[in-house]
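User: Could you walk me through a few features of this structure? I'd like to follow the reasoning behind each answer.

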Amino acid sequence: MVKDTGLRAEETVFLSGLSGDIMRGEIEHRFRIIDFWKIREGSRILEIGCGQGETTAALAYTVGERGFIYGVDVADENYGEPETLGRARERLMTSSLGSRINMDFGVNILSDDFDFEENSFDYIILSHCLWYLASEKELRNILLKIRPWGRNLCIAEWNPEITDIAQYPHFLAANIQAVCESYHISDHFNIRTMFYPEEIESIAGSCGWDIVKRGDIYSPDVQDALWETDIVREIFPSKIRGIRNMPDKLKRLLLMQINSLEQIQRVDAMSVYAMVAERI
């Protein structure tokens, strides 16, 4: 009998050395996604864009002692706050789940030096990392390169097609960041390219992946929406004013949108678009 997501999240938080109700909610959100993907015990998994390892920890719990998770991220070990990627790796690798995890940072998936034999993994996972990518072309190149490495592709990302007005602040904050990134601001924030489900499926299909399952997952109480809106309200007004090649009308529009975020009381996270694809 599979334990409910709350109990699994509580056990994973304890086993991975995490603490606090916020992290429990974040891990529970990851288990909802993993349940949708139907990850099997004993699986070998490549997780691209593992970050601080919230999904990594939930996957490690799911695959059990016979499974293995290899998490990679393009960011270096000093990236991230309040916990850097390096500290998160140290915490996970020395935890009770550490024997079934490996994490490497500063990894460029598209480098000629990064490769695996055919069918090295049961699943290849990209969870909450697509919006960090520089472009549609980068996603296409990644999905093409990883295709020989495993038969199953699992993706989860925020869905900009909002279904509740309380999700609008999260969408607006993400959209503002994506617009500013198109002007190549110097700081690297969370969101560089917003992908919609239709585009993700189109790219995956053109790269030899057949989508066999798709759906939306709701976790409105996770903190990501608040984190993104706070970043935009606190940091982006000065960033926008400093972008030299942005038209004044667009600056005014973005600044007014940021001002509108100050007036909003309720902020829910957008739903997550999740999909499973098989290699054709």
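User: Is phenylalanine 121 buried or exposed?
Analyst: Happy to help, and please keep in mind that this is a predicted model. Phenylalanine 121 has a relative accessibility of 5%. The cut-off for burial is under 20%, so phenylalanine 121 counts as buried.

User: How are the rings of phenylalanine 116 and phenylalanine 121 arranged?
Analyst: Let's start with phenylalanine 116, which has a relative accessible area of 23% and is partly exposed. Its ring centre lies 4.9 Å from that of phenylalanine 121, and the two planes meet at 85°. Planes over 60 degrees apart count as edge-to-face, so this pair is edge-to-face.

User: Which residues form one aromatic cluster?
Analyst: The structure holds seven aromatic pairs. One of them joins phenylalanine 114 and phenylalanine 116, with ring centres 5.2 Å apart and planes at 90°. The cluster itself is made up of Tyr70, Phe114, Phe116, Phe121 and Trp149.

User: Which helices do the buried residues of H9 pack against?
Analyst: Helix H9 covers residues 248–261, and its buried residues are Lys251, Leu254, Gln257, Ile258 and Leu261. Seen down the axis of H9, these fall within an arc of 130°, so they line one face of the helix. The face turned away from them carries the exposed residues Asp248, Lys249 and Arg252. The buried residues pack against helix H6 (168–181) and helix H8 (224–241).

User: Over which ring does the charged end of lysine 213 sit?
Analyst: A lysine charge can count as sitting over a ring when its NZ is within 6 Å of the ring centre. Here the distance is 4.4 Å, and the ring belongs to phenylalanine 36.

Technical notes. Residues are numbered from 1 along each chain as its sequence is written. This is a predicted model: local features need pLDDT of at least 70, side-chain atom pairs count only at pLDDT 80 or more; totals for chains, interfaces and linings use all residues. Side-chain values use heavy atoms; hydrogens and water are left out. Helices (H or I, at least four residues) and strands (E, at least two) are DSSP runs, numbered from the N terminus. The expected span of a helix is 1.5 Å times one less than its number of residues. Buried means under 20% relative accessible area, exposed over 50%, partly exposed in between (1.4 Å probe, protein chains only). The arc is that of the directions from the helix axis to the C-beta atoms. Contact means heavy atoms within 4.5 Å. Rings of Phe, Tyr and Trp (its six-membered ring) pair if their centres lie within 6.5 Å; planes under 30 degrees apart count as stacked, over 60 as edge-to-face and the rest as tilted. A charge sits over a ring if NZ of Lys or CZ of Arg is within 6 Å of the ring centre and within 35 degrees of the ring normal.
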